[in-house]
Amino acid sequence: MSPSRPTEAADAGPDPIERPELLLPEGLSRRWSPGRSTAVAARTGLALGAGVTILFVTGLISHLIQHPPDWFWWPAHPVWLYRLTQGTHVTVGVMMIPLLLVKLWSVYPRFFIKPSLRRGLPEALERLSVAVLIGAVLFQIVTGLFNTAQYYPWKFFFTTTHHAMAYVAFGAVAVHLAVKLPVVRQALSRPVDEPIDEEVPHGISRRTVLAAAGLGAVVTGIAVVGQSVPFLRWTSLLAPRSGEGPQGIPINRTAAAAAVTETARSPQYALTVKVGGRESVFSRAELEALPQYDSALPIACVEGWSAQGRWSGVRLRDLLARAGEYGGGDVRFVSLETTGIYGSSVLPHTHVVDAATLIALRLNGEDLSLDHGYPCRLIAPNRPGVLQTKWLKTIEEIA
Ligand code: HEM
Ligand SMILES: Nc1nc2c(c(=O)[nH]1)N[C@H]1C(S)=C(S)[C@@H](COP(=O)(O)O)O[C@H]1N2
Ligand SMILES: [Mo]
């Protein structure tokens, strides 16, 4: 055996780096084991590339709904679409962890290839792009996971950095795939476990490694997806929200945390509605006296969990019509909550006029609990939970 000479065996392929010098300490494997191979790296790489693409698209959807530019339009139906896109985002996000680990394992000796002047700038640039890629994807996974666990050990604002880094991660994946395309194509055109160089000790087979990666992704996916799929709730071993809470729905922020316990219970409570230049106020009793409708709608939190509720209350469009003349603009909802950043939201016209959009007074057959937004809250179809403002104080049409 010649431990200082890594052999690429049948995987040498078109890769320009042949028999490079490795900067690995003695005692650590300096070999390309058969499991650690282009065959494995190409296949896990494609799965990761597909994952990052899904994450980029679903993440941008979530961003655009929350910060809509003029050109953006998001439908009110199907009511479960955001539940699906964001549930997918977080589930696929978690499935990336085992895939990324196997991918890194399959290529790790390459991180220790001695830089060589002969291979020059292109190789240096390629290695830099791989460093950016790994850094960005790791960053997304860590910040995303911490966010779903509502754990913020850093000072910067999660969403802004996670959003900015999404372009870096997606861009780096695209560049990496473009650079590696010839190698990937060749790897895919050959059998996974082709006969290997006698010089290389046989260890774990590539098929086993790939099966482990796939199984790992499926198991982690199942352990998370239950927070979005009701009949899989019991599988949610890794989901931070159990799906339980008062009236069958979890609560992110309680009335006590939002410091609205007193104002929400006050006998003087009234909802102000400003529309078409007119201002009207409604007590909770007056809202109850208006025609009541039912809506089966999910709360779909940006953190990935979601839960379906049977809401009842006044249709927003009815309430606006009673209060004044609705001019067809967006509508702002302001909470009794004065601290924090979730005290208001804006509802686009498509959702304002939708029959499913309610000023909810009841949930699953009971009066809304204080923590779910008593005296009344907004519940609109196909929206992130963060925009379903609780403890409403004012509703106003904006330009
Ligand atoms: C390469 C991987 C990823 C990409 C490209 C990506 C991309 C994005 C983008 C563009 C957003 C929208 C941010 C905004 O509203 O401005 C987002 C939101 C989010 N992502 Fe990811 N993401 C990735 C991985 C993950 C992972 C692994 C998780 C968790 C396990 C995760 C959890 C979240 C959460 C919870 C949000 C909602 C944030 C909020 O609106 O408060 N992401 N992601
Ligand atoms: N005023 C106010 N409304 C709010 C919030 C908040 O913190 N304050 N949290 C939002 C978030 S992030 C979600 S997911 C939903 C959760 O609603 P629930 O507590 O009834 O399940 O409420 C939304 N409405
Ligand atoms: Mo949320």
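**Exercise 1. Asn382 and Trp391**

Task: Place Asn382 in the fold of this predicted model, then decide whether it is buried or exposed.

Solution.
- Step 1. Find the segment. Asn382 sits in the loop between β9 and β10 (392–397).
- Step 2. Check the backbone. Phi of Asn382 is positive, about 55°, although the residue is not a glycine.
- Step 3. Check the cover. Buried requires under 20% relative accessible area. Asn382 has 1% relative accessibility, so it counts as buried.

Task: Which sign does phi of Trp391 have, and where does this residue lie?

Solution.
- Step 1. Trp391 is also found in the loop between β9 and β10.
- Step 2. Its phi is near 50°, a positive value in a residue other than glycine.
- Step 3. At 1% relative accessibility, Trp391 counts as buried.

**Exercise 2. Cis peptide bonds**

Task: What is omega for the bond that joins Tyr374 and Pro375, and which loop holds Pro375?

Solution.
- Step 1. Omega is about 5°, and the peptide bond between Tyr374 and Pro375 is cis.
- Step 2. Pro375 belongs to the loop between β8 (366–367) and β9 (377–379).

Task: Do the analysis again for His77 and Pro78.

Solution.
- Step 1. Omega is about -5°, and a cis peptide bond joins the two residues.
- Step 2. Pro78 lies in the loop between α1 and α2.

**Exercise 3. The iron site of ligand 1**

Task: Which protein atoms donate to the iron atom of ligand 1, and what is the arrangement of the donors?

Solution.
- Step 1. List the protein donors. They are NE2 of His89 and NE2 of His162, lying 2.0 Å from the iron atom.
- Step 2. Connect the donors to the fold. His89 belongs to helix α2 (residues 81–107) and His162 to helix α4 (residues 158–189), so the pair ties together parts that are 73 residues apart in sequence.
- Step 3. Recall the ideal. Six octahedral donors have ideal angles of 90 or 180 degrees.
- Step 4. Classify the geometry. Six donor atoms surround the iron atom of ligand 1 and subtend angles of 85 to 179°, which makes the arrangement octahedral.
- Step 5. Check burial. Both His89 and His162 are buried. For His89 the relative accessibility is 13%, so this residue counts as buried.
- Step 6. Look for a further contact. The side chain of His89 reaches the backbone oxygen of Leu55 at 3.2 Å.

**Exercise 4. The shell around ligand 1**

Task: Which residues come nearest to ligand 1, and which helix gives the most to its shell?

Solution.
- Step 1. There are 25 residues around ligand 1; Gly59, His63, Gln66, His89 and His162 come nearest.
- Step 2. Assign helices. α1 (38–66), α2, α3 (120–148) and α4 each supply at least two residues of the shell. The most come from α1, with seven residues.
- Step 3. Sort by class. The shell has 11 nonpolar, 13 polar and one charged residues.
- Step 4. Go through side-chain contacts to oxygen atoms of ligand 1. An N or O atom of the His63 side chain is 2.5 Å from one. For the Gln66 side chain the distance is 3.1 Å. For a polar side-chain atom of Thr159 it is 3.3 Å.

**Exercise 5. The shell around ligand 2**

Task: Describe the surroundings of ligand 2, and state how much of its accessible area the protein covers.

Solution.
- Step 1. Of 19 residues around ligand 2, the nearest are Pro250, Glu337, His372, Arg377 and Lys390.
- Step 2. Sort by class. Nine residues of the shell are nonpolar, six polar and four charged.
- Step 3. List polar contacts. A polar side-chain atom of Lys390 lies 2.5 Å from an oxygen atom of ligand 2. For Arg377, a polar side-chain atom lies 2.6 Å from an oxygen atom of the ligand. An N or O atom in the side chain of Ser335 is 3.2 Å from a nitrogen atom of ligand 2.
- Step 4. Read the cover. On its own, ligand 2 has 540 Å² of accessible area, and the protein covers 98% of that.

**Exercise 6. Ala360 and Gly313**

Task: How far apart are Ala360 and Gly313 in sequence and in space?

Solution.
- Step 1. Ala360 lies in strand β7 (residues 358–363).
- Step 2. In sequence, Ala360 and Gly313 are 47 residues apart.
- Step 3. In space, their C-alpha atoms are 4.3 Å apart.
- Step 4. Ala360 has 0% relative accessibility, so it counts as buried.

Key. Residues are numbered from 1 along each chain as its sequence is written. Chains are lettered from A and ligands numbered from 1 in the order in which they are written. This is a predicted model: local features need pLDDT of at least 70, side-chain atom pairs count only at pLDDT 80 or more; totals for chains, interfaces and linings use all residues. Side-chain values use heavy atoms; hydrogens and water are left out. Donors are N, O and S atoms within 2.8 Å of the metal (3.2 Å for Na, K and Ca); water is not among the atoms, so sites may look incomplete. Four donors count as tetrahedral if all angles lie between 85 and 135 degrees; four count as square planar and six as octahedral if opposite donors are over 155 degrees apart and all others between 65 and 115; anything else is irregular. Helices (H or I, at least four residues) and strands (E, at least two) are DSSP runs, numbered from the N terminus. Buried means under 20% relative accessible area, exposed over 50%, partly exposed in between (1.4 Å probe, protein chains only). A residue is near a molecule or strand if one of its heavy atoms lies within 4 Å of it. A polar contact is a pair of N or O atoms within 3.5 Å; within protein, one must be able to donate a hydrogen and the other to accept it, and residues adjacent in sequence count only if both atoms are side-chain atoms. Accessible areas come from the Shrake-Rupley method with a 1.4 Å probe; for residues, only the protein chains shown count as cover. Ala, Val, Leu, Ile, Met, Phe, Trp, Tyr, Cys and Pro count as nonpolar, Asp, Glu, Lys and Arg as charged, and the others, Gly among them, as polar.
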